[in-house]
Amino acid sequence: MTRSLRAALAAVLVIGVTTMQAQTGTSAKATKKVVRKKAESSLERTLRELQEQMRTQQEQINELKHQLADRDAKLTSASQDAQTASASAATANSQAQSALAAIQSNHEEMQTLSSSVSDLKISNVGLAQTLSDTRREFNEKVESPLAIHYKGLTITPVAFFAFETVWRSRSLASDVNTPFNSTPYMGAGMAHVSELNFSGRQSRVGALFESNPGPFKLSGYVEADFLSAGATSNDNQSNSYTLRQRQIWGQAATQSGFAVTGGQMWSLVTETKKSTDNRTENLPMVIDAQYHVGFSWARQPAIRFQQRFGKWTAATSLEQAEYIYSASNAPSNFFIGSAGTGGGLYNLTANYSNNVAPDLIVKGTYDAKYGHFEAGGVARWFRDRYYPAGTTNAGATNDTKTGGGFFANVRMPASKYLDVGVHLMTGTGVGRYGTSTLPDITVHPDGTLATIKSQQGLISLEGHPTKKLDIWGYAGGEYAQRTTYLATSGPQAGKLVGYAPVSANNAGCNIETLPTSTGNGLAGASPYNPGTPANCTGATRAVIQGTLGFTYRVYSNPKFGRLQYQGQYSYLTREAWTGVGGAPKATNNMVFTGMRYYIP
């Protein structure tokens, strides 16, 4: 309370006490007599009002004290509650911090779990896709297997079925394979008639057998067609031609890139598309089963060893040998082989040489993005037995000559749509590796052998304007060098002996002759006996061929196979060495068509 208020309250209390005492005395006297009430004075009224105010103020003071006490009690209670609340808040804060830490930990765990769940979802999606792909692949393999599985083997069938035709302006009495070096000179009756032959004999069947026991891979391959004739084969009615062995070989290959292959296969001389691998042979795209002049090849029994070194491959092969012989004015005091013996399972009407050693072939290849490159060499050995005395066996002995050559193949993409290839082979005694099979050897006047130098070359252009269409062109030639020797003694004294002597008689090569015999119904008898040129040595100097063709794949599907059509036109020239009467020349126009269905 203020100081003025306190003074006023004190004055009121003093006056009140005085008044109360006066009233007490008056009351005592009132018992004795009745006192007449006086009129209230101004002062009294003021005092009374002050008393009333004091009482009111006292009540207010008491009320204020009560309120203050109640407030203090409430403040005390509130303070206690605040302290309790503070303690609770501290506890709650501690719990909140613990909860926050737990929440943070849980959040991290939730994020990790969420990430794991997301990864799991992705993994599950991938697994589901993998399972779907695996199921589809399994169903495809069951419904459309790429191969047949037998124990540990995977067997992949290989086949195509062909209908092919050939028309030649000069008849060769030949199927879809062309004996290029037999194209007739104009003196032959066959040079004046054409031929048209249909054939399904190049149709092919085969299979690849593969297994992988672990340390190495084993494989075997067999391939056959019907370009072979038996004793009863003809075109009269059944056209029954025999199945022939094209390839049949086995192979063992290691993971280090080494492989050994044995059996009948394409010669190592043959160009390949990749390394020196079997079944990657890069053959001309022609229909002709004899391929193309200038192409070097053979299919024969061999054993091949190859080793890869990254993009490089080195290979060597030992292959079946055979001689092709040709000579004019040859002595008769030697032999190089014999006709096949029946019990020996060779053809009784074919000649076989007595080989002293296999042909040795080495080759290296390099595979790059910009092409495939090959280079190699061939070593050959030729043996005969000759009799120097001529009329007796005195001094009879064997004589061996060595031949060989070099070859190279290059195949490069000139653009996205065109591949260019170049092939070359040159050497002595390597004529049989050319598709025209020009001679390997001739003979000296004394009866010993002499190798003939030869060359083979081929240029190829293979265009791919669309996925379905290939257009191709080839130009090739093969050459055999004149190889002669002058005899100085014996029955041939004074004559040139060997291959294509300049003294050879070519006078009748272009003069047509009459049929040669009346015959008795056997092969080559009348009326199947066209005349052959008389007085015509006609030793071949060169065979040249140019070809244009196309392959159109009408339909191609990895599940159902491929159907394709082909067309080919070739112009062939056979040129002879000059002799007495000139240098005859033979030509031929050839048109091939083909339809093939390849199994997938």
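Which residues lie nearest the centre of the largest cavity? In this predicted model, they are Glu 271, Arg 411, His 423, Leu 458 and Ser 460, picked out from a lining of 18 residues. Three strands each give two or more residues to that lining: E15 (397-415), E16 (418-428) and E19 (453-463). The space inside comes to about 100 Å³. As for chemistry, the lining of the largest cavity splits into eight nonpolar, seven polar and three charged residues.

The structure holds two cavities of 30 Å³ or more. The second largest has a volume of about 30 Å³. Its lining is made up of Arg 482, Ala 500, Pro 501, Ala 504, Asn 506, Thr 537, Ala 539, Trp 577, Thr 578 and Gly 579. Sorted by class, that gives five nonpolar residues, four polar ones and one charged.

Now for the pockets. The largest pocket holds about 1600 Å³ of space, and 43 residues line it. Closest in to the centre of this pocket sit Arg 244, Arg 299, Glu 322, Tyr 352 and Arg 432. Strands E6 (244-254), E8 (299-309), E11 (337-339) and E12 (351-353) each put at least two residues into the lining. The class count for the largest pocket reads 22 polar, 14 nonpolar and seven charged.

The second largest pocket takes up about 1200 Å³. It is lined by 40 residues, and those closest to its centre are Arg 204, Lys 273, Leu 283, Arg 562 and Tyr 598. Quite a list of strands chips in here with two or more residues apiece: E2 (153-168), E5 (216-225), E6, E23 (540-557), E24 (561-576) and E25 (585-598). Strand E6 thus turns up in the linings of both pockets. In the second largest pocket, the lining divides into 15 nonpolar, 14 charged and 11 polar residues.

One residue of strand E8 is Gln 307. The side chain of Gln 307 reaches over to the backbone oxygen of Ser 256, at 2.9 Å. Setting aside neighbours within four places in sequence, Gln 307 is in contact with Ser 256, Gly 257 and Phe 258, and also with Trp 312, Thr 313 and Ala 314.

What about the nonpolar interior? The largest nonpolar core has 18 residues, and Phe 180, Tyr 499, Val 543 and Leu 572 have the most contacts inside it. Val 543 keeps plenty of company: beyond neighbours up to four places off in sequence, its contacts include Phe 180 and Leu 572. Also in contact with Val 543 are Asn 181, Val 293, Ser 436, Leu 438, Gly 476, Gly 477, Glu 478, Thr 573 and Arg 574.

Leu 572 shows up again as a partner of Ala 586, a residue in strand E25. Ala 586 counts as buried because its relative accessibility is 1%, and the cut-off for buried is under 20%. In sequence, Ala 586 and Leu 572 are 14 residues apart, while their C-alpha atoms are 8.2 Å apart in space. Ala 586 also touches Thr 573 and Arg 574, along with Thr 183, Pro 184 and Tyr 185, again not counting residues up to four places away in sequence. Leu 572, Thr 573 and Arg 574 are thus contacts of Val 543 as well as of Ala 586.

How values were computed
Residues numbered from 1 in each chain as written. Predicted model: local features only at pLDDT ≥ 70, side-chain atom pairs only at ≥ 80, totals over all residues. Heavy atoms only, no water. 1 Å grid on protein atoms, 1.4 Å probe; cavity = no way out; pocket = protein on both sides within 12 Å on 5 of 7 lines; lining within 4 Å. Points joined across faces, edges and corners; volume = space filled by probe spheres on them. Helix = DSSP H or I, 4+ residues; strand = E, 2+ residues; numbered from the N terminus. Nonpolar A, V, L, I, M, F, W, Y, C, P; charged D, E, K, R; others polar. Core = buried A, V, L, I, M, F, W, Y, C linked by side-chain atoms within 4.5 Å. Buried < 20%, exposed > 50% of the residue type's maximum accessible area, 1.4 Å probe, protein only. Contact = heavy atoms within 4.5 Å. Polar contact = N/O pair within 3.5 Å; in protein donor to acceptor, adjacent residues only side chain to side chain.
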